[in-house]
Amino acid sequence: MQTIYIITGANGFLGNNLVRTILQKSSAKSSTAQPNAIDAANSTHVTKPTIDQVEVRALVSSPDRAEALQGLDCKIYPGDITKLDTLTPVFQVPKDAKVYVIHCAAIVYIKSQPNPAVYQVNVGGTHNIVEKTLEIGAKLVQVSSVHAIPVLPRPQTMTEVNHFDPRLVEGEYAKSKAEAAQYVLDAVEKRGLDACIVHPSGIIGPYDFKTSHLTQMVIDVATGRLKAGVDGGYDFVDVRDVAKGILSACTKGKPGECYLLTGHYCSVPELLNSINSAANTKPIKTILPMWLAKATALLAEAYYSWRKTPPLYTKYSLFTLSSNANFSHAKATAELNYNPRPLANTIRDTVAWLREANKIPPLDTPIETTK
């Protein structure tokens with residue numbers, strides 16, 4: 001049987017790591033396939049894979065900007081998730097194929113000024129993906145965020161919820177992810193959609209070609225541009241572990257269920273020290289109190305806008321760093337065999353990839369990445 005993975009936002013940070021994870025797993029299965037019984041009896045020594053044929057379809061809005069997918073064995077389809085008619089080609093699949101739709105495409109937004117595109121993509125785009133998934137009878141794994149879950153007072157542990165309300169979360173991005181998640185759950189209950197939802201925390205790791213907010217922070221620390229940190233912390237998770245969790249959810253995730261794909265809590269000073277250690281740069285000694293950081297957040301946004309780089313400290317990001325981040329991924333561990341790696345390994349691999357990609361200055365001795 002043919003297995004097809006349709007991945008939206010495939011050229012993004014999580015999307016391209018997911019493509020790599022699927023291809024690596026498929027390649028590993030192929031290399032361990034057993035010889036066909038007839039061929040073995042005839043001593044022809046011909047190895048014929050006994051696994052499903054895997055096809056990865058990468059949906060991207062701009063194929064000419066799919067740098068992250070270069071050299072990967074996937075089929076690239078142009079399409080805009082906010083325009084239903086552009087999705088028809090990627091969803092044209094054989095009737096006997098097993099199809100998994102992984103909806104990664106989203107706008108992660110932490111700036112203060114409103115952005116209508118956030119709702120159009122995160123909510124409207126999800127509506128369209130649900131329609132196309134129902135049309136072909138595929139399984140959907142919706143990539144949401146822990147931001148869609150209401151923050152509980154410290155020291156309570158936050159786990160999965162079964163209902164989402166945009167009014168209970170802060171920020172334009174969180175509200176859009178909450179509304180999209182509830183739309184998916186409603187489609188499961190009322191329309192028979194086979195879907196589950198995953199909620200990653202702060203994603204960090206290699207192969208971030210578009211430079212997300214966290215990757216920008218690693219670059220700024222590794223190059224000495226960041227002179228001060230802030231008091232606070234959050235839960236950070238390796239993008240490759242999130243990709244593995246999503247792939248597991250394709251086959252093991254139960255309809256209508258949600259899974260937290262989180263990692264480890266780390267304070268900002270600890271995170272900065274870990275980056276300094278991996279990059280072999282001088283430690284950042286200045287740590288601003290949260291009240292001062294919040295008072296200067298608008299100036300920080302203006303500074304990063306002037307630099308034309310993703311902002312690090314905004315009103316919303318500071319709210320996140322000062323809020324409860326005590327998440328539990330016990331459910332994902334039990335049902336999806338999800339086990340995130342140590343954060344120090346992630347930081348080391350991120351710095352190594354940034355050097356390889358010429359985003360930070362090289363070292364005399366290359367850093368070996370972990371698998």
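This is a short walk through a predicted model, one selection at a time.

**Stop 1: the whole chain**

Start with everything on screen and cartoon view switched on. The protein chain holds 12 helices and 12 strands. If you boxed in the C-alpha atoms along the principal axes, you'd need roughly 75 × 55 × 40 Å. The radius of gyration is 21 Å, which agrees with the value near 21 Å for a compact globule of 371 residues.

Now try a surface view. The accessible surface comes to about 17,600 Å², and carbon and sulfur atoms own 52% of that. How much of the chain is buried? Buried residues make up 52% of the 371 residues.

Next, think about who touches whom. Take the contacts with a separation of 6 or more: 77% of them are between residues 24 or more positions apart. You'll meet some long-distance partners below.

Colour by charge if you like. There are 38 positive and 33 negative charges, and their mean positions lie 3 Å apart.

**Stop 2: T8 in the first strand**

Select residues 2-8, which form strand β1, and pick out T8. Is T8 buried or exposed? T8 counts as buried, because its relative accessibility is 0%, and the cut-off for buried is under 20%.

Show what surrounds T8. Setting aside residues up to four places away in sequence, T8 touches L59, I81, I102, H103, C104, A105 and I129. Zoom in on A105: the T8 side chain reaches the backbone nitrogen of A105 at 3.0 Å. For a contrast, draw a C-alpha to C-alpha line from T8 to D73; the two are 65 residues apart in sequence and 16 Å apart in space.

**Stop 3: R57 and its crowd**

Move to strand β2, residues 53-60, and select R57. R57 has 6% relative accessibility, so R57 counts as buried. Which side chain does R57 join in a polar contact of 2.5 Å? That partner is E55.

Then display the neighbours of R57. Not counting residues up to four places away in sequence, R57 touches I4, Y5, I6 and I7, among others. Also on its list are K75 and Y77, plus P89, V90, F91, Q92 and V93. Residues 2-8 are strand β1, where you found T8, so you can keep that strand displayed while you look.

**Stop 4: N17 on a helix**

Now select helix α1, residues 13-31, and highlight N17. With 2% relative accessibility, N17 counts as buried. The N17 side chain reaches back to the backbone oxygen of F13, at 2.9 Å.

Where are the contacts of N17 beyond its neighbours within four places in sequence? Look for P206, Y207, V239, R240 and A243. Add D208 to the view too: N17 and D208 are 191 residues apart along the chain, and their C-alpha atoms are separated by 8.7 Å.

**Stop 5: backbone oddities**

Time to look at the backbone itself. Most residues other than glycine have a negative phi, and most peptide bonds are trans. Here are some exceptions.

- Select R154 and P155. A cis peptide bond joins them, with omega about 0 degrees. P155 sits in the loop between β5 (139-143) and α4 (172-191).
- Select T211, in the loop between β7 (202-204) and α5 (213-222). T211 isn't a glycine, yet its phi is positive, near 65 degrees. T211 counts as buried, because its relative accessibility is 15%.
- Select N358, in the segment after α12 (343-356). N358 isn't a glycine either, and its phi is about 60 degrees, a positive value. Is N358 buried or exposed? N358 counts as exposed, because its relative accessibility is 68%, and the cut-off for exposed is over 50%.

**Stop 6: out to K315**

For the last selection, go to helix α10, residues 315-322, and click K315. K315 is exposed, because its relative accessible area is 64%. Draw a C-alpha to C-alpha line from K315 to V123. The pair is 192 residues apart in sequence and 23 Å apart in space. Compare that with N17 and D208, whose 191-residue gap along the chain goes with a C-alpha separation of 8.7 Å.

Conventions: Residues are numbered from 1 along each chain as its sequence is written. This is a predicted model: local features need pLDDT of at least 70, side-chain atom pairs count only at pLDDT 80 or more; totals for chains, interfaces and linings use all residues. Side-chain values use heavy atoms; hydrogens and water are left out. Helices (H or I, at least four residues) and strands (E, at least two) are DSSP runs, numbered from the N terminus. The radius of gyration is taken over C-alpha atoms; the globule rule is 2.2 Å times the number of residues to the power 0.38. Buried means under 20% relative accessible area, exposed over 50%, partly exposed in between (1.4 Å probe, protein chains only). Contact means heavy atoms within 4.5 Å. Accessible areas come from the Shrake-Rupley method with a 1.4 Å probe; for residues, only the protein chains shown count as cover. Lys and Arg count as positive and Asp and Glu as negative; His and the chain ends are not counted. The place of a charge is taken as NZ of Lys, CZ of Arg, CG of Asp or CD of Glu. A polar contact is a pair of N or O atoms within 3.5 Å; within protein, one must be able to donate a hydrogen and the other to accept it, and residues adjacent in sequence count only if both atoms are side-chain atoms.
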